[in-house]
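Dear colleague,

I am passing on to you the structure shown below, and my notes on it follow underneath. Please read them with the coordinates open beside you.

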Amino acid sequence: MKIKEISTWHLRPPEGLEPRSKPRRPSWADRFEIANPMSRYPKYKRRRPSWLPKWENVWVKVVAEDGTFGLGFTTFDKPVAAIIKDHFAPILVGEDCLAIEKLWDMMFRISKPYGTSGLACCAISAVDLALWDLAGKIRGEPVYRLLGGPSKERIFTYATGNDTDWQLELGFKAVKLACPYGPVDGIWGLKENEKLVAETRELVGDDVEIMLDCYMAFGVDYTVRLARRLRPYNLKWIEEYLIPEDIDGYAKVKQSVNWVSLASGEHMYTRWPFKQIIQRHCLDILQPDIHWVGGLTECLKICGMAEAAGLTVILHGGGNDPYGLHLTYAMPSIPWAEYVIFSPPGVPLEEARRVPGAPVPKNGYMKPTSDPGFGLKIEEEWLKPM
């Protein structure tokens with residue numbers, strides 16, 4: 001069956017889906033400073049939204065000849081939509097909609113003149129996810145069945161965010177903190193970071209895992225110094241401490257830090273940087289984002305490389321929508337899912353804004369539905385022209 005149409009949209013669910021429960025306090029994301037790549041500039045130091053682009057998600061609809069359609073999405077709004085509408089769609093329309101590997105390769109190659117990494121890779125991701133959703137609907141099976149079926153009965157899920165008390169109340173047995181301070185904060189910042197981890201360990205006890213997300217804010221020296229200070233608190237891993245381009249830096253950190261697992265990858269595009277990371281033994285845990293790295297098709301290749309190298313894959317935000325959840329459910333090399341919680345304490349996860357049709361964790365576990373495709377619950381009238 002051929003592709004009839006590829007189009008881009010904004011998702012506008014109906015009003016009335018806002019939380020009904022009253023928050024106990026504002027979310028951690030509104031209360032705490034978080035280290036980031038712009039922390040060296042005082043104007044932008046405290047809040048990521050002060051410098052991140054005000055772009056929405058872009059949804060992609062791929063329609064087959066019989067009218068069946070699949071949906072995928074990524075971030076970065078109109079710049080990504082332009083790549084899809086102006087370049088990818090005219091070339092892919094008329095191709096076999098189930099030839100997903102071929103279609104991925106075509107997008108990868110035609111994007112070379114302006115660079116595949118970055119926005120173009122996000123565009124590839126959205127189209128690829130829509131194609132997998134379409135394939136599942138055509139065959140009447142959930143995507144995880146197309147990948148060989150489930151590899152686990154349920155998915156262990158950890159919570160990301162600094163409202164740890166609320167996460168424990170929700171039943172999570174593993175939590176990831178956003179690191180508040182970086183190199184510009186000097187020794188005081190190191191002490192404050194250690195204080196956060198120490199207080200969290202005291203709160204959760206010895207039977208809950210703790211991880212630390214550093215969001216590209218550090219250099220090699222600071223990462224090593226912080227890792228040494230945090231050694232007594234038995235972290236499971238330290239994450240994304242360097243910018244993604246600094247593979248030499250990742251190798252240096254790995255040579256100096258061998259008492260805690262090292263993780264990164266959410267801002268790496270395509271399998272190629274992961275290949276270098278594996279070859280140079282830089283990381284223990286690979287963290288591609290299925291909406292940025294090249295979609296499900298590319299994540300499958302990264303999983304294969306990781307398994308051959310004896311490494312673990314844990315998707316960035318892999319539990320927050322059905323796309324990553326289906327891949328996690330099917331892949332033996334992905335043992336956990338991440339669930340990022342931005343909603344405030346006191347608001348049940350079922351009431352928080354999420355992709356329609358996305359399940360929520362129950363006592364730290366979750367699994368996808370068995371509905372065809374990715375099991376999205378999105379009405380066509382909710383898709384609005386960009």
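**Helix α12 and its start**

Helix α12, which spans residues 322–330, is mostly covered, with 9 of its 9 residues buried. Please bear in mind throughout that this is a predicted model. The buried residues of α12 are P322, Y323, G324, L325, H326, L327, T328, Y329 and A330, and at the start of this helix a side-chain oxygen of D321 comes to within 3.0 Å of the backbone nitrogen of Y323.

**The hairpin of β2 and β3**

Strand β3 (residues 69–74) is likewise largely enclosed by the rest of the structure, because 6 of its 6 residues are buried. The cover extends to both faces of β3, since F69, L71 and F73 on one side are buried, as are G70, G72 and T74 on the other. Strand β2 (residues 58–64) pairs with β3 in the antiparallel sense through 6 bridges, and within this pairing V60 stands opposite G72 of β3. The hairpin that β2 and β3 form has 4 residues between the strands, and G67 takes a positive phi near 95° there.

**The parallel strands β5, β6 and β7**

Strand β6 (residues 209–213) is mostly covered, with 4 of its 5 residues buried, and it has parallel partners in both β5 and β7. Strand β5 (residues 174–178) is joined to β6 by 5 bridges, with L177 opposite L212 of β6, whereas β6 and β7 (residues 237–239) pair over 3 bridges, with E239 of β7 as the bridge partner of D213. Each of these pairings belongs to a right-handed β-α-β unit, one made by β5, α7 and β6, the other by β6, helix α8 (residues 220–230) and β7.

**The second largest pocket**

Helix α7, which takes part in the unit with β5 and β6, also provides the largest share of the lining of the second largest pocket, namely 6 residues. This pocket has a volume of about 330 Å³ and is lined by 17 residues, of which F32, N162, P180, L196 and E199 lie nearest its centre. The elements that give two or more residues to this lining are α6 (164–169) and α7 (186–204). Divided by character, the lining residues of the pocket comprise 6 nonpolar, 3 polar and 8 charged.

With best wishes

Methods. Residues numbered from 1 in each chain as written. Predicted model: local features only at pLDDT ≥ 70, side-chain atom pairs only at ≥ 80, totals over all residues. Heavy atoms only, no water. 1 Å grid on protein atoms, 1.4 Å probe; cavity = no way out; pocket = protein on both sides within 12 Å on 5 of 7 lines; lining within 4 Å. Points joined across faces, edges and corners; volume = space filled by probe spheres on them. Nonpolar A, V, L, I, M, F, W, Y, C, P; charged D, E, K, R; others polar. Buried < 20%, exposed > 50% of the residue type's maximum accessible area, 1.4 Å probe, protein only. Pairing = 2+ DSSP bridges. Right-handed = clockwise from strand over helix to strand, strands pointing away. Polar contact = N/O pair within 3.5 Å; in protein donor to acceptor, adjacent residues only side chain to side chain.
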